[in-house]
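Here is a friendly walk through the side-chain contacts and strand pairing of one chain. Please keep the model open while you read.

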Amino acid sequence: MPDDSALRPAVGSVADAALTGLLQARKTLPAKLFYDEAGCQLFARITELPEYYLTRTERTLLANMAPGVAAAVRRPAVLVEYGASDETKAEMLLGTNIFQAYVPIDIAAPQLEEMRERLCRHRPELQVCVVPADFMDVAALPTEVPPLPRLGFFPGSTIGNLDPPEARRFLQRARQALGRESWFLVGVDLRKDPGILLPAYDDAQGVTAAFNRNLLVRLNREAAATFDPSTFAHEVVWNDSASRIEMHLVSLADQYVRVAGQIIRFSRGETIHTENSYKYDAERFATLTEEAGWHCAELWTDPERLFSLHLLEPRQGP
Ligand code: AVI
C-alpha cells in the first residue's frame with residue numbers, strides 16, 4: 001500500500017465526512033476517503049503508470065541521495081516515517097546503517113504489524129516502534145523511542161494533498177514531536193508545465209478516473225449512498241493561481257442521490273471537488289517550512305526538475 005494510506009479516516013466517520021462535504025454549496029469529498037482497499041490497490045497501479053512520474057522520480061532521487069542524508073545526520077539516529085504503509089522507501093535510508101530505530105506512523109494498524117514482522121526478520125538489529133495513528137495528530141513520540149537524534153521522513157509529496165495552512169500546522173507539529181536535535185526529509189512535487197501535470201492525473205488507461213470514481217463506490221457501501229458512478233465523469237483541472245492540480249467528479253445529469261439518509265441534488269455539470277495536489281517551487285516551499293520553524297539545509301532535485309527532496313533542520317533564532 002502506498003505511503004499516503006495515513007490519509008485514511010477513522011472507521012465510522014465515513015458517512016459524516018461525506019455528508020459534511022456534500023451539503024456545502026460547492027460540493028467536496030475529503031481525499032482521505034480515497035484509501036479503502038480498492039483505492040489503495042488503484043493508487044498502487046497509479047504509481048506504476050508511465051504518466052505518473054512522481055513515484056519513480058522520487059525513488060531514483062532517494063537511492064542517489066540516501067548517502068547524502070546519512071552524511072548530514074552523521075551519528076546514530078532514529079528514522080520516523082509519517083504515513084508509513086510500507087517500508088520500501090524507508091529501506092533506502094535504513095540501508096545506510098545509521099538508524100538504530102525505525103518509527104513508522106500510520107493509521108492502518110494491521111499493516112504496521114506486518115511491517116514490524118518483516119523488519120524483525122530482515123533487520124533483527126533494528127528497533128521498530130510502530131505508532132498506529134493519523135500522522136496529522138502526532139504531537140509526541142512514544143517513550144520507548146530511544147533518546148537519539150531523529151530524522152522525520154514524509155515521502156511521496158503527500159504534503160501536496162494538504163492545503164498550505166494545514167501543511168504548515170503539520171510541519172509545526174512534526175517539529176515539536178521530533179524534538180530539538182532533528183531533521184525532516186520531505187518529498188515535494190514541483191510546479192511544472194501543465195502538459196506534464198495533467199496527464200499524470202488523467203492517464204490514458206483510466207486508472208486515475210477509476211480511483212476518483214471509487215469514492216462513490218465506497219460511499220454506496222459504507223455510507224448507504226445510491227450513486228451511479230457511471231453518471232459522474234473524472235475531471236482534472238490545473239489551477240494556476242493556487243498552483244494545484246484539482247480532481248473533480250462531474251455529474252453528467254440532473255439527479256438526486258441518497259447519502260446516509262439525506263437526499264442530495266446534483267445538477268448536470270455540477271462537480272464534487274475530490275482532491276487538491278499542490279505543486280511547489282523550491283522558494284515557496286522554503287517559505288512554508290520557515291514559517292513552520294524549519295530551515296532547508298539541503299535540496300535535491302532530478303535533472304529534469306520534476307521532483308524534490310528537502311532536508312530540513314530546526315530553524316534557530318526568533
Ligand atoms: C498521494 N498523493 C501524493 C497523490 C498525488 O499525486 O496527489 C494522490 C493521487 N491522486 C491522483 N493521483 C495520485
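The report below takes up aromatic pairs, then salt bridges, then a sheet and its helix. Please bear in mind that this is a predicted model.

**Aromatic rings**

Let us start with the rings. The count of aromatic pairs comes to 18. One of them joins phenylalanine 34 and phenylalanine 211, whose ring centres are 4.4 Å apart. With 20° between the planes, this pair is stacked, because planes under 30 degrees apart count as such. Phenylalanine 34 sits in the loop between helix H1 (14-22) and helix H2 (37-46), while phenylalanine 211 belongs to helix H8 (residues 207-222), so the contact ties together parts that are 177 residues apart in sequence. Both phenylalanine 34 and phenylalanine 211 are buried.

Another pair brings together phenylalanine 232 and phenylalanine 266. Their centres are 5.2 Å apart and their planes stand at 85°, so this pair is edge-to-face. Phenylalanine 232 is part of strand E7 (residues 232-239) and phenylalanine 266 is part of strand E10 (residues 262-266), so parts 34 residues apart in sequence are tied together here. Phenylalanine 232 and phenylalanine 266 are both buried. Phenylalanine 266 has a charged partner too: lysine 27 lies over the face of its ring, at 5.0 Å from the ring centre.

If you return to phenylalanine 34 and phenylalanine 211, you will find them in one aromatic cluster with Tyr35, Phe43, Tyr52 and Tyr201.

**Salt bridges**

How many salt bridges does a search of the whole structure find? The search finds 16. Three of these are set out here, with the N to O distance for each.

| Basic residue | Acidic residue | Closest N to O distance |
|---|---|---|
| Arginine 118 | Glutamate 87 | 2.6 Å |
| Arginine 123 | Glutamate 91 | 2.8 Å |
| Arginine 168 | Glutamate 291 | 2.7 Å |

Arginine 118 in helix H5 (residues 109-122) meets glutamate 87, which lies in the loop between strand E1 (77-82) and helix H4 (88-94), 31 residues apart. Here arginine 118 is partly exposed, with a relative accessible area of 26%, whereas glutamate 87 is buried at 7%.

For the second bridge, glutamate 91 is in helix H4 and arginine 123 is in the loop between H5 and strand E3 (127-128), 32 residues apart. In this bridge, glutamate 91 is partly exposed, with a relative accessible area of 23%, and arginine 123 is buried at 15%.

The third bridge links helix H6 (residues 164-178), home of arginine 168, to helix H9 (residues 282-291), home of glutamate 291, so it ties together parts that are 123 residues apart in sequence. Arginine 168 is partly exposed at 26% relative accessible area, and glutamate 291 is partly exposed at 41%. Elsewhere, shared partners join Asp36, Arg218, Arg221 and Glu222 into one network of salt bridges.

**A sheet and the helix across it**

Strand E7, already met through phenylalanine 232, also belongs to an open sheet. This sheet has three strands in the order E7-E8-E11, with antiparallel pairing. Its edge strands are E7 and strand E11 (271-278), each pairing on one side only. On average, neighbouring strands are turned by 20° against each other, direction ignored.

E7 and strand E8 (residues 244-251) pair over eight bridges in the antiparallel sense. As a landmark, tryptophan 238 has isoleucine 245 in E8 as its bridge partner. Helix H8, the helix that holds phenylalanine 211, lies across E7, E8 and E11 and runs at about 115° to E7.

Notes: Residues numbered from 1 in each chain as written. Predicted model: local features only at pLDDT ≥ 70, side-chain atom pairs only at ≥ 80, totals over all residues. Heavy atoms only, no water. Phe/Tyr/Trp six-rings, centres within 6.5 Å; stacked < 30°, edge-to-face > 60°. Helix = DSSP H or I, 4+ residues; strand = E, 2+ residues; numbered from the N terminus. Buried < 20%, exposed > 50% of the residue type's maximum accessible area, 1.4 Å probe, protein only. Lys NZ or Arg CZ within 6 Å of the ring centre and 35° of its normal. Salt bridge = Lys/Arg side-chain N within 4 Å of Asp/Glu carboxyl O. Pairing = 2+ DSSP bridges. Axes fitted to C-alpha atoms, helices over the stretch in contact; angles between N-to-C directions. Contact = heavy atoms within 4.5 Å.
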